[in-house]
Amino acid sequence: MLSLIEVHEFRELWRMRRSEFWIATVCLLSVLALGPLRAVMIAFLLSVIDVIRRASRPDTSALVEAPDGSHFFPVADGNVSGSSGMMVYRFGAPLYFANATLFLDDVERLVTQAPTPVRWFVLDAQAMVDVDTTGAGVLRQAITLLKKKNITFAVSRADRSFRSWLERYDLTELIDPDRFYPTNRHAAQAFRQSPENAAAEPGSSSLDKRDEGGN
């Protein structure tokens, strides 16, 4: 029995991801105590719980534009928005029941704690390839909250599936169809050229000449 245990595999799991190491350990002990079938069932359930746990805390970040306008990068919350009035928020997972509260909390916190008043809120939706009914309800709440604060809501880098979910949940009626942008840089350009900002930033049209690839 001991000869079947691949110790080096356990060492790799310990080094690379501790949660998977503990799942493998529980599975091993369950084989000895309960038999292989029950052990596989236990390992499967623990793996599902671990996936939900990770998905409930996805990577999220506020983004700011690089000085040369070539890309956007994540920053600490205290440095977002700056003097521009535009907030770009990246949510790094599908939006569903396990992380919907996190999404709404982030939107509220970023808007209320921004160092300057937010006029545009841009959702970087590249990773949001799926939205369940709970996520749709939270997204509706977030858009409504922003509208009450007179903040323009826009979406960038949205996958086709995300757009289809918006249509299915009747959320497109809450979003200006002209406020969907292929990249964050396109959104930034539109923000600078919007009526409330065009006069303040006359040099904003210079972005037109740049390559609009990337984020």
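Are tryptophan 120 and phenylalanine 191 buried or exposed? Both residues are buried, and they appear in one of the close-ups below. Everything shown here comes from a predicted model.

**Figure 1. An overview of the chain and its eight helices and six strands.** Let us start with the whole chain before moving in. Along the sequence, the elements follow the pattern α-α-α-β-β-β-α-β-α-β-α-β-α-α. The chain has 215 residues, of which 39% count as buried. Among contacts with a separation of 6 or more, 73% join residues 24 or more positions apart.

**Figure 2. The edge-to-face pair of phenylalanine 91 and phenylalanine 103.** A pair of aromatic rings is described by the distance of the centres and the angle of the planes. The model holds eight aromatic pairs. In the pair formed by phenylalanine 91 and phenylalanine 103, the ring centres are 5.3 Å apart and the planes meet at 90°. Phenylalanine 91 belongs to strand S3 (residues 86-91) and phenylalanine 103 to helix H4 (residues 100-113), so the pair ties together parts that are twelve residues apart in sequence. Phenylalanine 91 has a relative accessible area of 0% and is buried; phenylalanine 103, with 1%, is buried too.

**Figure 3. Tryptophan 120 and phenylalanine 191, an edge-to-face pair.** Here are the two residues from the opening question. Their rings lie 5.5 Å apart, centre to centre, with 65° between the planes. Tryptophan 120 is in strand S4 (residues 120-124) and phenylalanine 191 in helix H7 (residues 184-193), and this pair links distant parts of the chain, 71 residues apart.

**Figure 4. Tyrosine 89 and its ring cluster.** Ring pairs join Tyr89, Phe91, Phe103 and Phe121 into a cluster. Tyrosine 89 is a residue of strand S3 and, at 1% relative accessibility, counts as buried. Beyond its neighbours within four places in sequence, tyrosine 89 contacts Thr60, Ser61, Phe103, Asp106, Leu110, Phe121, Val122, Leu123 and Asp124. One of these partners, aspartate 106, is 17 residues away along the chain, with a C-alpha separation of 8.8 Å from tyrosine 89.

**Figure 5. The largest nonpolar core, with 35 residues.** In soluble globular proteins, nonpolar side chains tend to be buried together. Within this core, the residues with the most contacts are Phe103, Phe121, Leu123, Leu139 and Phe162. At least two core residues come from each of S3, H4, S4, helix H5 (133-148), strand S5 (152-156) and helix H6 (160-168). Take phenylalanine 121 as a guide: apart from residues up to four places away in sequence, it touches Met87, Tyr89, Val107, Val111, Leu146, Ile151, Thr152, Phe153 and Ala154. A second, separate core has twelve residues, including Val88, Trp120, Tyr181 and Ala190.

**Figure 6. The packing of helices H4 and H5.** How are H4 and H5 arranged, by angle and by distance between their axes? The angle is about 10° and the axes are 9 Å apart, which makes H4 roughly parallel to H5. From H4, the contact uses Ala100, Phe103, Leu104, Val107, Glu108 and Val111. From H5, the contributors are Thr134, Gly135, Val138, Leu139, Gln141, Ala142, Leu145 and Leu146.

**Figure 7. Arginine 163 over the face of phenylalanine 180.** This view pairs a charged side chain with an aromatic ring. Arginine 163 is placed 3.9 Å from the centre of the phenylalanine 180 ring.

**Figure 8. Two loop residues with positive phi, asparagine 150 and arginine 157.** Most residues other than glycine have a negative phi, and most peptide bonds are trans. Asparagine 150, in the loop between H5 and S5, has a phi near 60°. At 71% relative accessibility, asparagine 150 counts as exposed. Arginine 157 sits in the loop between S5 and H6, with a phi of about 55°. Its relative accessible area is 14%, so arginine 157 counts as buried, the cut-off being under 20%.

**Figure 9. Aspartate 159 in the loop between S5 and H6.** With 35% relative accessibility, aspartate 159 counts as partly exposed. Setting aside residues up to four places away in sequence, aspartate 159 touches Ala125 and Val129. Valine 129 is 30 residues from aspartate 159 in sequence, and their C-alpha atoms are 6.3 Å apart.

Technical notes: Residues are numbered from 1 along each chain as its sequence is written. This is a predicted model: local features need pLDDT of at least 70, side-chain atom pairs count only at pLDDT 80 or more; totals for chains, interfaces and linings use all residues. Side-chain values use heavy atoms; hydrogens and water are left out. Rings of Phe, Tyr and Trp (its six-membered ring) pair if their centres lie within 6.5 Å; planes under 30 degrees apart count as stacked, over 60 as edge-to-face and the rest as tilted. Helices (H or I, at least four residues) and strands (E, at least two) are DSSP runs, numbered from the N terminus. Buried means under 20% relative accessible area, exposed over 50%, partly exposed in between (1.4 Å probe, protein chains only). A charge sits over a ring if NZ of Lys or CZ of Arg is within 6 Å of the ring centre and within 35 degrees of the ring normal. A nonpolar core is a set of buried Ala, Val, Leu, Ile, Met, Phe, Trp, Tyr and Cys residues joined through side-chain atoms within 4.5 Å. Contact means heavy atoms within 4.5 Å. Axes are lines fitted to C-alpha atoms, for helices over the stretch in contact, and angles run from 0 to 180 degrees between N-to-C directions. Angles under 35 degrees count as roughly parallel, over 145 as roughly antiparallel, 65 to 115 as roughly perpendicular and the rest as oblique.
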